[in-house]
Structures are given as C-alpha cells and as structure tokens.
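Please find below a colleague's note, set out as numbered points. It is meant to be read beside the sequence and the structure.

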There are 2 protein chains.
Amino acid sequence: MADTPTPAVTISAIAEEAGVSAPTVSRVLNGRGDVAPATRERIESLLRARGYRRRGSRGGEMVGLLDLVFNDLDSPWAVEIIRGVEDAAHAVGSGIVVSAIHRRASSTRQWLQNVRSRTSDGAVLVTTDLDSSLRAELEDLHMPSVVIDPVGVPDLAVPTIGATNWAGGLSATDYLISLGHRRIAFVAGRPELWCSRARLDGYRAGLETAGLDVDDDLVVPGEFDYESGFRAGEHLFGLAEPPTAVFSASDQMTLGVYEALRRRGLRVPADVSVIGFDDLPEARWASPPLTTVRQPLAEMGRLAVRTVHRLVGGESIESPRVELATELVVRDSTAAVPGAPAR
Amino acid sequence: MADTPTPAVTISAIAEEAGVSAPTVSRVLNGRGDVAPATRERIESLLRARGYRRRGSRGGEMVGLLDLVFNDLDSPWAVEIIRGVEDAAHAVGSGIVVSAIHRRASSTRQWLQNVRSRTSDGAVLVTTDLDSSLRAELEDLHMPSVVIDPVGVPDLAVPTIGATNWAGGLSATDYLISLGHRRIAFVAGRPELWCSRARLDGYRAGLETAGLDVDDDLVVPGEFDYESGFRAGEHLFGLAEPPTAVFSASDQMTLGVYEALRRRGLRVPADVSVIGFDDLPEARWASPPLTTVRQPLAEMGRLAVRTVHRLVGGESIESPRVELATELVVRDSTAAVPGAPAR
DNA sequence: CTGAAAGCGCTTACAG
DNA sequence: CTGAAAGCGCTTACAG
C-alpha cells in the first residue's frame with residue numbers, strides 16, 4: 001500500500017490514458033450526469049487503478065491531514081488511541097480526521113467517497129475485522145496506511161502495530177501464582193481473534209511453568225464485553241469448587257466479574273483476587289481499583305502516526321508488525337490467597 | 001461569527017487591498033522568508049481581518065470537513081461527544097477533524113496555523129474554559145462555529161448547546177426524597193462553572209420543595225474528578241451524623257464515593273444510596289450499576305453539527321443557547337432508606 | 001455526449 | 001525584497 005512517490009497522477013494524465021479530454025475526466029470526478037456510461041466506466045476504473053487524488057494547484061504537497069478510522073466508536077479503547085494519535089499528529093502539524101465505518105453497506109460507499117475526496121496524506125486503521133472487499137477498496141485509495149490492532153490480525157500487507165498479548169497473559173498469571181493462588185480461572189475473549197488466543201496461551205504457560213495443571217472447568221468463554229464477564233463470573237462462582245482468583249482478557253469483562261461477585265456477597269480481594277487486561281481508565285476508578293495488564297494504547301497510536309509519516313515520506317518500514325510491551329499494573333484487586341478457611 | 005457568504009476573499013483581492021502583487025501575498029501565506037517585515041505585517045493583518053481561506057481551484061465550494069475542538073482529550077465525555085458529532089457529520093457527508101488545544105502557549109499558535117490551513121467548513125468547540133485571546137483568534141478564522149458546553153458558559157457570541165443542569169439536580173434529589181431519604185449530601189463540581197451552580201441549586205430546590213432544610217455540612221466541594229469524590233466520601237462518612245444518600249455532580253466523583261464507602265465497609269445501596277451525574281459508560285459498569293442523571297452528550301454533538309451546518313448554509317439561528325433535557329436513569333445504587341436500625 | 005478555449009486561484013522561476 | 005510572466009491543475013461556459 002505504500003507506493004513510492006510516482007509521477008503525479010493528474011486529471012490530464014488520466015485523460016490521455018483514457019483517450020478523452022481533461023474536461024471529461026473532470027466531469028466524471030464531479031459526478032456530472034452528462035457522460036456516456038461506457039466512458040464514465042473506463043475513466044472511473046482508471047482513476048481507481050492509478051489512485052487519483054485531487055490536489056488543487058499546489059503540486060504533490062502534503063495536505064496535513066491523517067485519517068483515523070475505527071470500525072465503530074463504542075469501543076472503550078477508542079479515546080485512548082485517539083489521544084495518542086492526536087498527540088503525535090499535532091507534533092508533526094497534522095490534523096486527524098476520525099471516522100467510523102458504520103457497518104451499513106450503503107454508507108460504506110458514501111464513507112469511501114468522503115475519504116477519497118478529502119485526500120488526506122495517510123491513514124491509521126483501528127480495527128478488529130476489516131472485511132476483505134473493504135480492504136481492497138482501501139488499497140485503491142493508494143494511501144500510506146498502518147493498522148493499529150489491539151487484537152491482532154497478523155496477516156496483512158500493511159504494517160501492523162499490536163501489543164505483547166502472550167507476555168501479558170503470562171505476567172498476570174505469574175503474579176497470581178506468586179500470591180499463592182492455585183485455582184486460577186481465565187475468562188477468554190472473542191475466540192476468533194488472535195489476541196484472545198495469545199492471552200490464553202500466556203495464561204496456560206504461566207500455570208504449566210509453575211507445575212500446575214490447566215483445569216478446563218476454569219477456562220470460560222467470553223466476548224470481551226461487560227455482560228459476558230458477568231455471566232462468566234456467575235458460572236465460576238456457582239461451581240462446586242470455585243477459583244480463588246480470576247484473570248479476564250479485558251477490563252470490561254472484569255467489571256462484569258466484580259458485579260457477579262458483589263451479588264454473591266464475595267469481596268475483592270479478600271475472598272477473590274481479580275485481574276483484568278487493557279488498563280482503561282475505568283480500571284483505576286473501579287472499586288477496588290483494578291490490578292490489570294496495561295496495553296499502551298496511546299503509545300501505539302503515536303507509533304502508528306510516526307510510521308505512516310515515514311511511509312508518506314517514501315521510507316520503507318523494516319518490520320511489517322511491531323508489538324509494544326504490556327505491563328502489569330498492580331492495584332487493589334489482588335491479594336494473597338485466603339489462608340485456608342472454609343468460605 | 002456566522003458571516004454571510006461575502007464576495008470571495010482571494011489572494012489577489014488581498015493583494016490589491018494591500019497594494020502589492022499576488023505573488024507577494026502567496027509568499028506570506030507560505031511562510032517564505034523573503035518578504036519585508038512591514039509588508040508581511042500589513043498582509044498578515046489583512047489576511048486575518050478578511051478571513052482569508054485557501055480554496056484551490058474550485059471556488060467557494062464546501063470542503064466536507066468540520067473541526068471538532070477539545071481543550072484536551074482526557075475528559076471522559078470526549079468519546080460520547082465524538083460519537084454524536086461523527087454520526088451527524090457522516091450523515092451530511094462531512095469528515096471531522098478532532099484536535100485538542102494542548103495548553104502550552106507555543107503549540108496553540110501552531111494549532112491555529114493548522115486549523116487555518118485546513119480550511120474546514122465550520123467548527124464545533126467543546127470546552128469548559130476558552131480564554132478570551134484564543135476566542136478572538138478563533139473569530140479571526142471566520143468559521144461558523146458552535147460551542148458544546150456540558151458545563152455552561154452562557155455568555156458567548158456563539159451559539160451554545162448545553163443540558164438542563166438545574167432540572168437534573170432537582171430530579172435526582174426528588175427521587176432520593178421519594179425513597180424516604182432525609183439526610184441527603186451533595187458533592188459539588190468545580191465552583192467556577194455555571195453548571196455546578198445549577199446542579200446545586202436544583203438539589204436545594206428539591207429539598208426545599210419537600211420542606212427539608214439544607215444542611216450546609218452535607219454540601220461538600222468537589223472538582224468533578226475521582227479523587228475529589230473520594231475525599232468527599234471520606235469526609236461525609238467521618239461525620240458524627242452521616243447522610244443516608246449522596247448525590248454527586250459527576251459520575252467520576254461518584255465512583256470516588258463508592259471507593260470511600262467500600263473502604264469503610266459500607267454497602268451501596270443497602271447502607272447508603274448514591275446518585276451520579278452524566279451517565280458515562282462507566283456508570284453502567286460500576287458495581288452496583290449506578291443510578292445517575294443522564295446528559296445526552298451524543299445528542300448534543302449531533303445538534304451541534306446540524307447547527308453549524310445551518311450556519312454554513314447562511315441560515316441564522318433563532319436561539320443563541322439551547323439546553324437539551326437531562327433524564328434520571330435508575331439502576332441499582334439507590335434504595336429505600338434503611339428502616340431505622342442503628343448501623 | 002464531448003472537446004477547444006477561456007478562466008480561476010495559486011505558485012514558481014526569473015529578473016531587477 | 002518585489003513584480004511581470006509563465007505555468008499548473010482544475011473547471012466552466014460554449015459549440016457542435
């Protein structure tokens with residue numbers, strides 16, 4: 001996607017290639033109705049193929065705009081990323097255009113049209129699942145772009161930025177073990193995403209390294225959201241032999257676990273220790289404040305901007321994927337395993 | 001700020017007025033060094049006064065970009081507003097450029113420069129305190145703009161959108177009274193902001209209407225953030241005669257109150273009822289889920305976009321300020337006052 | 001439906 | 001330091 005600065009794609013270049021005059025191409029671009037369907041077709045595909053972008057009078061100059069694209073904006077990490085991206089973009093004098101691909105088919109077209117016409121210098125995509133047709137359309141825009149991917153899709157042709165999910169899973173589990181816990185449950189994330197798998201594997205590795213068996217009853221599915229965390233908590237503490245600690249693959253699920261525990265009259269951390277993943281602001285404000293594995297989302301955003309910027313400047317990127325370190329943040333939701341008192 | 005579409009401010013118009021040639025103005029605009037200081041000065045002030053904006057070849061056409069400006073992005077309502085603004089902007093085919101005025105003097109200049117050069121069609125400002133010099137500079141940009149103001153500064157020359165803070169304060173208090181509470185504390189917000197005053201007055205009105213005295217010991221200062229809420233909670237429940245209910249002027253402070261109560265071993269809502277203000281996502285995920293006064297932030301964002309759009313189109317706005325209704329959202333942090341048992 | 005011509009807003013050498 | 005001239009990318013009547 002990071003094509004080297006090719007000889008300016010202008011309207012007249014396209015016109016020549018299509019065997020028409022410049023005004024005709026202009027008409028197509030501006031959606032005027034009076035163009036023969038066949039001609040329009042030919043010109044449109046050429047426009048796409050060559051990655052035509054409006055540039056006004058001043059040549060190939062940068063326009064000082066970066067697109068920041070989310071699948072949708074409800075994700076609780078959205079702001080964290082926006083903050084990092086805004087910060088880094090500001091530092092290089094760029095503005096960021098944030099948008100969400102609202103997943104109605106019709107508006108995707110409209111959205112692409114908008115992106116195309118604002119001709120920003122590059123794009124940062126934040127997305128757990130870009131479907132492949134959309135991906136192709138994005139390529140047609142010929143914008144240098146990088147994907148921030150807190151959840152890990154390591155198979156793109158585009159540079160990707162993630163976090164060390166496996167190591168995060170390991171460190172949380174290690175910590176719980178160091179506190180004396182032996183029955184440690186894991187609430188997993190959306191199973192189709194790589195990061196879920198990596199966090200789970202980190203958890204398993206932690207147990208195995210300590211010589212503990214992985215008890216499949218203590219590994220419960222989740223969807224990353226509050227509700228599934230709540231259900232997981234209900235299930236786990238309905239068990240004949242409940243865990244003494246719960247590690248969940250997202251902070252949101254952990255908040256659901258809190259609520260399940262509260263309803264059963266169990267206390268964090270006196271009765272049960274709990275660890276989350278992400279370190280969203282809500283982790284700090286939970287009661288008790290939540291021990292969690294921090295994902296450096298803002299930093300990932302900053303790196304993404306620096307990376308697109310290098311692509312815009314024609315540099316090539318050495319590694320197609322880089323993962324930033326996660327870090328265990330210990331707060332008040334974890335404690336040594338309760339002595340041995342029957343609960 | 002909403003000037004009617006005047007006869008195109010072009011480089012040559014400015015040149016003529018300044019008594020120089022167009023290339024000279026162009027040089028000033030592009031920050032070339034080779035312009036006499038006096039000339040540059042004259043041209044710059046003319047540029048500002050006329051509200052010059054780069055437009056490329058296609059005339060006064062709209063560019064499909066709206067600036068969305070925050071003081072900074074840590075405010076927990078930022079995303080809510082972004083979501084509403086993005087949604088409405090998307091609907092009219094605009095992109096939104098999100099930025100934060102990082103409050104270092106130097107970068108404000110830089111930021112204004114960026115805003116000027118991207119020539120968006122209008123601006124939505126979200127801000128609790130714009131200092132007046134910045135306000136003046138913003139006016140120089142000659143962009144139609146509206147202020148979203150969850151905290152209420154009703155003295156601007158710009159259309160403002162807020163929420164019914166007083167009514168919200170009243171409804172929360174009423175509800176607590178209806179539950180049988182008589183000792184109801186209020187944790188106030190930043191005292192210099194109008195909204196804080198309005199919420200406090202709503203609380204007072206609620207008590208007075210019910211024939212209850214306002215006990216000044218139960219009105220404690222806060223700053224809207226978690227920490228001040230925590231301190232307020234510590235204070236309130238260190239009192240000889242603590243309240244049976246606490247209403248705070250923000251959800252964040254309420255989460256601080258939760259933590260203060262938890263540390264004292266008091267339960268929500270069995271021992272103490274608690275109400276917040278804002279209805280941020282964290283309210284739903286608190287444990288127990290928080291009863292709170294909802295501020296329709298996304299809706300305020302949508303309305304802001306519709307309003308700038310009308311200004312861009314040259315329409316005039318009937319009311320300089322509109323307040324959207326707040327709404328009490330009852331969840332699990334409130335209950336009838338505990339019978340009479342000594343605690 | 002399409003092109004030749006004129007025009008617009010801006011910028012870039014070039015000369016002084 | 002500044003302007004006259006040429007040029008660039010694009011669009012707008014106008015004619016056919």
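The points that follow concern a predicted model and take up a strand, a DNA contact surface and several salt bridges in turn.

1. The first topic is strand β1 (residues 65–70) of chain A. Six of its six residues are buried, so the strand is largely enclosed by the rest of the structure. The burial applies to both faces: A:L65, A:D67 and A:V69 lie on one side, while A:L66, A:L68 and A:F70 lie on the other. The presence of A:D67 among these buried residues may be noted when the model is inspected.

2. Which strands pair with β1(A) in the parallel sense? One is strand β2 (residues 95–100) of chain A, joined to β1(A) over six bridges. Within this pairing, A:L68 has A:V98 of β2(A) as its bridge partner. Strand β3 (residues 122–126) of chain A also pairs with β1(A) in the parallel sense, over five bridges. There, A:G122 of β3(A) stands opposite A:L66.

3. The connection from β1(A) to β2(A) involves helix α4 (residues 78–91) of chain A, and these three elements make a right-handed β-α-β unit. Helix α4(A) returns in point 7 below, where one of its salt bridges is described.

4. The next topic is DNA strand D, which is surrounded by 21 residues. The closest are A:I11, A:S26, A:R32, A:Y52 and B:T39. By class, the residues of this surface divide into seven nonpolar, eight polar and six charged. Which part of the DNA strand lies within 4 Å of the protein: sugar and phosphate, or bases? Of the atoms of DNA strand D within that distance, 74% belong to sugar or phosphate and the rest to bases.

5. Individual polar contacts illustrate both kinds of approach. An N or O atom in the side chain of A:R32 is 2.7 Å from a phosphate oxygen of DNA strand D. In B:A36, a polar backbone atom is 2.9 Å from a phosphate oxygen of the DNA strand. The side chain of B:R27, by contrast, places an N or O atom 2.8 Å from a base nitrogen of DNA strand D. The elements that give two or more residues to this surface are α2 (22–29) of chain A together with α2 (22–29) of chain B.

6. Side chains of opposite charge can pair when their charged atoms come close. Over all chains, the count comes to 38 salt bridges. One of them joins A:R40 and A:E44, whose closest N and O atoms are 4.0 Å apart. Because these residues are four residues apart in helix α3 (residues 37–50) of chain A, they are separated by about one helical turn. A:E44 is partly exposed, at 32% relative accessibility.

7. In helix α4 of chain A, A:R83 and A:E80 form a salt bridge at 3.8 Å, N to O. They are three residues apart, so about one helical turn separates them. A:R83 is partly exposed at 26% relative accessibility, whereas A:E80 is buried, with a relative accessible area of 13%.

8. The salt bridge between B:R183 and B:D215 (3.5 Å, N to O) is in chain B. This pair links distant parts of the chain, 32 residues apart: B:R183 is in the loop between α7 (165–178) and β6 (184–187), and B:D215 is in the loop between α8 (194–209) and β7 (219–220). B:R183 is partly exposed, with a relative accessible area of 22%, and B:D215 is partly exposed at 26% relative accessibility. In chain A, salt bridges that share partners join A:D87, A:E299, A:R302 and A:R306 into one network.

Notes:
Residues numbered from 1 in each chain as written. Chains lettered and ligands numbered in written order. Predicted model: local features only at pLDDT ≥ 70, side-chain atom pairs only at ≥ 80, totals over all residues. Heavy atoms only, no water. Buried < 20%, exposed > 50% of the residue type's maximum accessible area, 1.4 Å probe, protein only. Pairing = 2+ DSSP bridges. Right-handed = clockwise from strand over helix to strand, strands pointing away. Near = heavy atom within 4 Å. Polar contact = N/O pair within 3.5 Å; in protein donor to acceptor, adjacent residues only side chain to side chain. Nonpolar A, V, L, I, M, F, W, Y, C, P; charged D, E, K, R; others polar. Salt bridge = Lys/Arg side-chain N within 4 Å of Asp/Glu carboxyl O.
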